[in-house]
Amino acid sequence: MIGLDTNVLLRLGDDQEPGQRDRARALVRSQGANGCFVNAIVLAEFAWTLTRSYRLSRRDAAARIAVILESPEFVVASLDEASRAVDRFRHGPADFADYFLAEINGSAGCATTATFDSDALKSGEPFAAVPTGA
């Protein structure tokens, strides 16, 4: 198994860089099923780049994240948490990374995820505002 950097995942669907796209696709194919590891940081960066740099809609970004989660070529760290996060991201106001970290925190036994992020706070549970005077 090999680990992938965010830029390799991004190039898989990037027609602006056909040479790099083709190399990234060939690399993933050459590894076969369960051959490419995607860690949580890479998945969060991937989602952020899709919405911020590539300016994809939440719906389109969620669809691309789901492809990674569902493809047999990839082993995704915290897959259950990532799957729940992508579902919340499709409909909620916060960034994918916020939902993902809250899901990971919940799996680690955290009752809430404290934040100052107003979009995350609009989502309600499991986010909680940092108390005044804390």
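R55 sits out in the open: with 71% relative accessibility, this residue counts as exposed, because the bar for that label is anything over 50%. In this predicted model, R55 belongs to the loop between helix 3 and helix 4. The backbone there is a bit unusual too, since R55 is not a glycine and yet has a positive phi, near 55°. Most residues other than glycine have a negative phi, and most peptide bonds are trans.

N34 shows a positive phi as well, about 55°, again without being a glycine. This residue is part of the loop between helix 2 and strand 2. At a relative accessible area of 47%, N34 is partly exposed; the value falls short of the 50% that an exposed residue has to pass. A further backbone oddity turns up at E125 and P126, which are joined by a cis peptide bond with omega at about 5°. P126 is located in the loop that links helix 7 (118–122) to strand 5 (127–129).

Stepping back to the overall fold, the protein has seven helices and five strands. Going along the sequence, they come in the order β-α-α-β-α-α-β-α-α-β-α-β. The C-alpha atoms take up a box of roughly 55 × 30 × 25 Å along the principal axes. Of the 134 residues, 36% are buried. As for how the chain comes back to itself, take the contacts between residues at least 6 apart in sequence: 54% of them join residues at least 24 apart.

What about the inside? In soluble globular proteins, nonpolar side chains tend to be buried together. Here the largest nonpolar core has 32 residues, and the members touching the most others are L9, L43, I65, F74 and F96. Plenty of elements pitch in, with at least two core residues each from helix 1, helix 2, strand 2 (36–38), helix 3 (40–52), helix 4, strand 3 (74–76), helix 5 (79–91) and helix 6 (96–107). F74 gives a good idea of the packing: beyond residues up to four places away in sequence, F74 touches L4, L9, L12, V28, N34, C36, V38 and I68. The N34 of the loop between helix 2 and strand 2 is thus one of the residues that F74 touches.

C36, another partner of F74, is fully tucked away and counts as buried because its relative accessibility is 0%. C110, by contrast, comes in at 39% and counts as partly exposed. No cysteines are paired up, as the structure holds zero disulfides.

T6 is a buried residue of a polar kind. This threonine is found in helix 1, and its 6% relative accessibility is why T6 counts as buried. Setting aside neighbours within four places in sequence, T6 is in contact with V42, E45 and F46.

Finally, there is the empty space. The largest pocket holds about 220 Å³. Helix 1 (6–12), helix 2 (18–31) and helix 4 (58–70) are the elements that each give two or more residues to its lining. That lining has 13 residues in total, with L9, L12, G13, V67 and I68 nearest the centre of the pocket. By type, the lining splits into eight nonpolar, two polar and three charged residues. L9 links the two parts of the picture, being among the core members that touch the most others and also among the residues nearest the pocket centre.

Definitions and conventions. Residues are numbered from 1 along each chain as its sequence is written. This is a predicted model: local features need pLDDT of at least 70, side-chain atom pairs count only at pLDDT 80 or more; totals for chains, interfaces and linings use all residues. Side-chain values use heavy atoms; hydrogens and water are left out. On a 1 Å grid over the protein atoms alone, a cavity is a set of points where a 1.4 Å probe fits but cannot get out, and a pocket is an open set with protein on both sides within 12 Å along at least five of seven lines; lining residues have an atom within 4 Å of a point. Grid points are joined across faces, edges and corners, and a volume is the space filled by probe spheres set on the points. Helices (H or I, at least four residues) and strands (E, at least two) are DSSP runs, numbered from the N terminus. Buried means under 20% relative accessible area, exposed over 50%, partly exposed in between (1.4 Å probe, protein chains only). Contact means heavy atoms within 4.5 Å. A nonpolar core is a set of buried Ala, Val, Leu, Ile, Met, Phe, Trp, Tyr and Cys residues joined through side-chain atoms within 4.5 Å. A disulfide is a pair of cysteine sulfur atoms within 2.5 Å.
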